[in-house]
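Here is a short note for a colleague who has not yet looked at this model. Please read the points with the structure open.

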Amino acid sequence: MRPGGGPGNGEALRNLRMWKLMQALKLTDEQTPKVLPKIQKMEEARRQFTKERMENLKALRETARQTAPDEKTIRRSIDAMRKARDKFHSEEARLFDDVARDLTPRQLADLLLFEERFRREVGKALREMGPRRGGEGRGPAGKRFGAPPSDRPAPGGPPVPPED
């Protein structure tokens with residue numbers, strides 16, 4: 001919950017996603033109590049992976065911003081990211097197989113198609129919000145995506161003085 005008492009954007013999006021998914025799958029009364037908890041486990045695994053990925057990226061970014069980054073530290077960060085990704089993919093496959101046992105082939109196809117369609121719709125909605133949140137092609141605080149960190153010069157460009 002957010003300080004205002006209502007659900008946060010993430011929670012609202014998860015609720016919307018689950019509601020739309022249940023509509024798309026057309027689960028029977030017998031399937032619902034079996035499938036719903038399994039799909040929720042898949043969602044939790046995805047959220048956990050995303051959180052871990054963001055933490056690993058932050059550590060890698062901080063290391064890479066150093067004037068003379070330690071290569072061992074960079075390798076450890078990259079290895080941690082690979083390990084987390086591999087663990088997630090393994091867990092995701094296991095959970096997917098578990099859900100698949102309770103769905104008909106048509107429902108399984110609907111699940112896969114729903115996942116792709118929902119991802120595309122959310123991505124489109126986020127892109128459309130972009131200009132209102134810092135300008136087109138910009139992330140939070142108006143920083144360009146893919147731009148070099150402000151404390152490192154752009155390749156071939158003049159050095160950038162450190163910020164105070």
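1. Asn56 counts as buried because its relative accessibility is 16%, where buried means under 20% relative accessible area with a 1.4 Å probe, protein chains only. The residue belongs to helix 2; helices are DSSP runs of H or I with at least four residues, numbered from the N terminus. Leaving out residues up to four places away in sequence, Asn56 touches Ala80, Met81 and Ala84, contact being heavy atoms within 4.5 Å.

2. The model is predicted: local features need pLDDT of at least 70 and side-chain atom pairs pLDDT 80 or more, while totals for chains, interfaces and linings use all residues. Residues are numbered from 1 along each chain as its sequence is written, and side-chain values use heavy atoms, without hydrogens and water.

3. The largest nonpolar core (buried Ala, Val, Leu, Ile, Met, Phe, Trp, Tyr and Cys residues joined through side-chain atoms within 4.5 Å) has 18 residues, and Leu21, Leu25, Val35, Ile39, Val99, Leu103 and Leu111 touch the most other members. Helix 1, helix 2, helix 3 (71-100) and helix 4 each give two or more residues to this core. Helix 2 gives the most, with 5 residues.

4. Leu25 is one of those core residues. Not counting residues up to four places away in sequence, Leu25 touches Ile39, Gln107, Asp110 and Leu111.

Methods:
Buried < 20%, exposed > 50% of the residue type's maximum accessible area, 1.4 Å probe, protein only.
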